[in-house]
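Subject: Handover of a structure and notes on its features

Dear colleague,

Please find below the sequence and structure that I am passing on to you. My notes follow, and I would ask you to read them with the model open.

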Amino acid sequence: MSLMTSADIQAQARGLLARDRVGQAVRLALDHGLDDLAAELLAHGWVGMVCGAAEFEGFFEAIERIGSQRYRHWPQLEAASIYALTMQLHLRIAALRLDELEQRVPALLRENRSFLVEHQRAPFDRPDPRDGMYSWIAMMRVAQAAFGGHSEQTLQLAADWRTRFARAPDHEFATVAVNEALALSMLDRTREAEREALAALRIFRRVRFEHGMVSAAVCAGCMKALSGRVNDAAALLDAAFDEAAPRLAQAPETRASLDVARNFTAFERGDIEAALADAMDRIEGRRPSPRLPVMLLIDRFVAARALMALGRAHQAAALLARPDLERPAGDWRFWDQLLTLERVRVAAVCGDYSGIDGPPDVLALLKLLTLAQRNPSAIALAALRKMVREAEDRQQESRLFMALLMKARVEQHTGNSLQARRSVTRLITAPMLRERLGSLASLAPALQPMFGDALRGLLEASGNRDERLLRLARLTGVAVEAAAEAGAPAEPLSPREEQIGAALLEGLSNRQIAQRIHLSEQTVRWHLWKLFQKLGVSNRLGAAQRLSSRRPN
């Protein structure tokens, strides 16, 4: 039997709240029948619970247990519920709730009440409650439009917000800028999106808002990678990890978004098997996974492309067809289209478009690719050439991948092997694809032997000194002359790489290696990737064979 008094419970719960352990504080109050205290704690701590740790299920469960009467007494909880619904992509419900809350603002002002919270990590604090509440509502409308894939509407709402709230604090401008960057990326304006995200990142760094820092860094990093600057993207994301991750122990979803983006760049740099394992850990629930749609899709795209690079295209198609991407009906239109485009990409490698459906522009693309496959002709080639030009002009990397892939196939089927090889060469050297070794490797199995011929030709033209092309050859299993391999500088292994190599020869897993030498699994994967590059291999088996041959007899 507990001897704790009501005062003891209140003191303990408020202590948990002060340490950002909001969920525990609220559950403690509810479990002891202190529903009013639970409502007060949740109203004051929702930022730490929803913005930080992203305990969405726990938040909604607490709201239900508190009851509608107390919920209406705390407008902060209404605002928190709208934010959580938006983050979970329940956009229609969130928009209706936002309309209702906006209608209540005059009454709240007359009662000298507000739904803004005083919290060091809250991105919506303002000294004037009236301006603050209307600014928050307007920013939520920007976020809802962005998450719903309404890019033009997002940009217009953001412009209206900037005009109406020109004297808002800098961190509010940064919050709007991240949503603008997302909208610009949907319009394939990646350079503009990158600039907006970098500007937001500088502000969030200055005000030390870690959640915002990670969101802006992830957006900017993904834009750099999509425009072909994978190494720059990896450096930016690594710096964000070093700076923000230590402060994100209570924010697993925010940390997971950063992990997803870093894994994307690792895949594109050629760490294919490790990237596949990392993405599948999140997909299967073995590691925390972010809820934002673009992050969910990046994990699946990385896993699917890695499977294709490993010659398992049908497994990639099955992965993208799985019904485990939970989404509210009608609220994920843009993201559904993005997922369909990736399914088309895999189908182009497999040569099977059955069962794929989507919006009109996707259906038009499917019709074109089906025509090109079934009836390779000059008509199909003309349409694919137009698609290539448009994809290059608009910086649409997914469509460029597919157009050049199908163009090369049609040219090969019509007997124009020289032009087919030129198309593959164009694919390998396209500026927006140049550093994206993982994605290039994902298409190689569908383009052999043209891919190997084109790659060897590029290596000969470079004097066998292009390290990027040599790495791509290793990843895709393209045989390269000994002279080409000799052109790559032989780097000595670092002491840490020697240590990990020795553990690899013992057959230890990444987890076992991490435990032995007291590193994180992510750091072990990074060292393994560096080890693979220095040894000129693409997987653990190749590394073990190369390390064994280096040992003295």
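pLDDT is the predictor's confidence in each residue, from 0 to 100. The score applies here because this is a predicted model.

Confidence in the model

The chain has an average pLDDT of 80, and 82% of the residues score at least 70. Confidence is highest in helix H9 (residues 151-164), at a mean of 95, and lowest in helix H26 (residues 482-487), at 41. Over residues 482-490, pLDDT stays under 50, and the model has 11 contacts beyond four places in sequence for this stretch. A second stretch, residues 119-125, also stays under 50, with 25 contacts beyond four places in sequence.

The chain as a whole

The secondary structure consists of 30 helices and zero strands. The chain has 553 residues, and buried residues make up 55% of them. The chain exposes about 24,600 Å², of which carbon and sulfur atoms supply 50%. If one takes the contacts between residues at least 6 apart in sequence, 62% join residues at least 24 apart.

The nonpolar cores

In soluble globular proteins, nonpolar side chains tend to be buried together. Which residues have the most contacts inside the largest nonpolar core? They are Phe115, Trp136, Ile428, Leu447 and Phe451, in a core of 136 residues. Helix H16 (residues 293-309) supplies the largest share of this core, with 12 residues. Another core lies apart from it and has 22 residues, including Leu37, Ala38, Leu42 and Ile66.

Phe451 deserves a closer look. Leaving aside its neighbours within four places in sequence, Phe451 is in contact with Val424, Ile428, Leu440, Ala444, Leu472, Thr476 and Val478.

Helix H23 and the loops beside it

Two of those partners, Leu440 and Ala444, are among the buried residues of H23. In H23, 10 of the 11 residues are buried, so this helix is largely enclosed by the rest of the structure. The buried set also includes Leu437, Gly438 and Leu447.

The loop between helix H22 (417-429) and H23 contains Ala430. Is Ala430 buried or exposed? Ala430 is buried, because its relative accessible area of 5% falls under the 20% cut-off. The C-alpha atoms of Ala430 and Phe401 are separated by 9.7 Å, although the two residues are 29 apart along the chain.

Pro449 is found in the loop between helix H23 (437-447) and helix H24 (450-461). A cis peptide bond joins Gln448 to Pro449, with omega at about 5°.

Helix H1

Helix H1 covers residues 6-18, which is 13 residues, and reaches 18 Å from its first C-alpha to its last, close to the 18 Å expected at 1.5 Å a residue. Its buried residues are Ile9, Ala13 and Leu16. Seen down the axis of H1, the buried residues fall within an arc of 55°, so they line one face of the helix. The face turned away from this buried side carries the exposed residues Ala7, Ala11 and Ala18.

Residues with a positive phi

Asn112 is not a glycine, yet its phi is positive, at about 60°. Asn112 sits in the loop between helix H7 (91-110) and helix H8 (129-147). Its relative accessible area is 72%, so Asn112 is exposed.

Arg208 likewise is not a glycine and has a positive phi of about 60°. The place of Arg208 is in the loop between helix H11 (190-207) and helix H12 (210-226). With 32% relative accessibility, Arg208 counts as partly exposed.

A buried glutamate

Glu497 is found in helix H27 (residues 495-505). Its relative accessible area is 5%, so Glu497 is buried. Which residues does Glu497 touch, not counting residues up to four places away in sequence? They are Pro492, His527, Lys530, Leu531 and Lys534.

Yours sincerely,

A colleague

How values were computed
Residues are numbered from 1 along each chain as its sequence is written. Side-chain values use heavy atoms; hydrogens and water are left out. Helices (H or I, at least four residues) and strands (E, at least two) are DSSP runs, numbered from the N terminus. The expected span of a helix is 1.5 Å times one less than its number of residues. Buried means under 20% relative accessible area, exposed over 50%, partly exposed in between (1.4 Å probe, protein chains only). The arc is that of the directions from the helix axis to the C-beta atoms. A nonpolar core is a set of buried Ala, Val, Leu, Ile, Met, Phe, Trp, Tyr and Cys residues joined through side-chain atoms within 4.5 Å. Contact means heavy atoms within 4.5 Å. Accessible areas come from the Shrake-Rupley method with a 1.4 Å probe; for residues, only the protein chains shown count as cover.
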